[in-house]
Amino acid sequence: MNHSDKQKRQIDLLVAAPRGFCAGVDRAIKIVELAIKKYGAPVYVRHEIVHNRYVVDELKKLGAIFVEELDEVPDGVPVVFSAHGVPKAVPHKAEERGLEYLDATCPLVSKVHRQAERQTQAGRHIIFVGHANHPEVIGTFGQVADGRMTLVETLADVEALQPEDPEALAFLTQTTLSVDDTRAIVEALQTRFPNIIGPKGEDICYATSNRQNAVKEIAKSCELVLVIGAPNSSNSLRLVEVAERGGAAAKLIQRADEIDPAWMEEVSTLGLTAGASAPEILVREVTDRLEEYFDIREKNIQTADENMTFKLPRGLEAS
Ligand code: SF4
């Protein structure tokens with residue numbers, strides 16, 4: 001690059017923290033790596049282990065093969081289920097086929113699965129706040145019999161609910177939703193159905209809410225916020241929304257080469273964050289790219305400390 005320092009315009013870069021990998025993503029990736037070490041390549045993975053192409057490509061290089069359904073896994077090889085969780089039918093089918101499987105479902109998603117089971121066993125119908133077709137939602141719906149759970153995505157959906165027994169309801173939520181939108185939906189549910197049972201607040205995980213708080217904080221001072229994440233990553237899409245609501249423009253990018261320096265024409269303070277499935281190496285790739293064009297003054301804006309870790313499945317502990 002031939003941009004002399006003299007010509008470079010100064011841009012303040014506010015980097016949100018916490019950002020990037022959460023404990024559930026970290027664990028899921030480790031499970032695939034350790035499975036390859038233990039069993040040898042190839043190890044099959046049902047669905048993208050986490051929604052990030054870079055992560056998936058790196059694991060492919062080590063010997064992981066990604067498929068969408070169990071039918072695509074040949075007999076006799078181990079299979080890992082992704083961090084988003086799977087319907088109960090999936091491990092059942094794996095057992096029927098005698099497949100060795102490792103479940104990389106985030107423990108915070110598994111917690112919602114157990115709540116779903118408990119509430120249906122207690123005779124309650126579940127109202128599930130989430131996004132249709134997201135694998136986590138499909139996995140959670142698959143914990144209970146058909147017809148025992150109803151999806152709501154919006155306030156209008158709450159208004160339209162016609163439950164058989166309004167006195168026997170529970171609600172649960174996806175872990176990666178917008179904290180603000182979900183609060184409004186939960187309040188609407190509690191107003192319509194005062195006896196509805198639910199978790200304290202909602203099931204949005206610590207990583208999702210910490211990343212939203214951090215981006216909210218930087219968005220106040222930025223003209224533009226770049227969010228590193230995949231278009232199918234729910235928590236990354238929510239970071240874009242939160243930044244926009246905070247008064248900044250926002251762009252979702254997967255890699256540094258998508259950045260157009262023209263975006264920065266009117267920008268003197270730029271924000272940067274990364275979704276829970278995006279590794280820090282991609283954040284550094286973006287700052288390197290920005291430095292090619294601008295005189296970047298980077299500042300880390302930390303709104304919370306995180307020290308969460310989750311145990312690995314038995315038999316797969318790192319040696
Ligand atoms: Fe678990 Fe939250 Fe990370 Fe999802 S975003 S894997 S629920 S910690």
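This report walks through the ligand site, the two cavities and one helix of a predicted model.

## The ligand and its shell

Let us start with the ligand, which sits in the largest cavity. Around the ligand are C22, G24, V25, C106, L108, T175, T176, C205 and Y206. By class, this shell has six nonpolar and three polar residues, and no charged ones.

## The largest cavity

The model has two cavities of 30 Å³ or more. The largest of them holds about 310 Å³ of space, and 24 residues line it. Those nearest its centre are C22, V25, H84, T175 and T176. If you have the ligand in view, you will recognise some of these names: C22, V25, T175 and T176 also belong to the ligand's surroundings.

Which helices each supply at least two residues of this lining? They are α1 (23-39), α4 (107-121), α8 (206-219) and α9 (234-245). Of these, α8 gives the most, with three residues. The lining of the largest cavity is made up of twelve nonpolar residues, eleven polar residues and one charged residue. The ligand shell, for its part, has no charged residue.

## The second largest cavity

The second largest cavity encloses about 30 Å³ of space. Its lining consists of V179, D180, Q212, N213, K216 and V242. These residues divide evenly by class, with two nonpolar, two polar and two charged.

Helix α8 turns up here again. Both α7 (179-192) and α8 supply at least two residues of the lining of the second largest cavity, and α8 gives the most, with three. Helix α8 is thus worth following in the viewer, as it gives the most to the lining of the largest cavity and also to that of the second largest cavity.

## Two sides of helix α3

Now for a look at a single helix. Helix α3 spans residues 89-96, and V90, P91 and A94 in it are buried. Why do these buried residues line one face of the helix? Viewed down the axis of α3, they fall within an arc of 95°, so they share one face. This fits a general pattern: an α-helix has 3.6 residues a turn, so residues three or four places apart point the same way.

What lies on the other side of α3? There you will find A89 and E96, and both are exposed. Helix α3 therefore has V90, P91 and A94 along one buried face, with A89 and E96 exposed on the other side.

Methods: Residues are numbered from 1 along each chain as its sequence is written. This is a predicted model: local features need pLDDT of at least 70, side-chain atom pairs count only at pLDDT 80 or more; totals for chains, interfaces and linings use all residues. Side-chain values use heavy atoms; hydrogens and water are left out. A residue is near a molecule or strand if one of its heavy atoms lies within 4 Å of it. On a 1 Å grid over the protein atoms alone, a cavity is a set of points where a 1.4 Å probe fits but cannot get out, and a pocket is an open set with protein on both sides within 12 Å along at least five of seven lines; lining residues have an atom within 4 Å of a point. A molecule sits in a cavity or pocket if more than half of its atoms lie within 2 Å of its grid points. Ala, Val, Leu, Ile, Met, Phe, Trp, Tyr, Cys and Pro count as nonpolar, Asp, Glu, Lys and Arg as charged, and the others, Gly among them, as polar. Grid points are joined across faces, edges and corners, and a volume is the space filled by probe spheres set on the points. Helices (H or I, at least four residues) and strands (E, at least two) are DSSP runs, numbered from the N terminus. Buried means under 20% relative accessible area, exposed over 50%, partly exposed in between (1.4 Å probe, protein chains only). The arc is that of the directions from the helix axis to the C-beta atoms.
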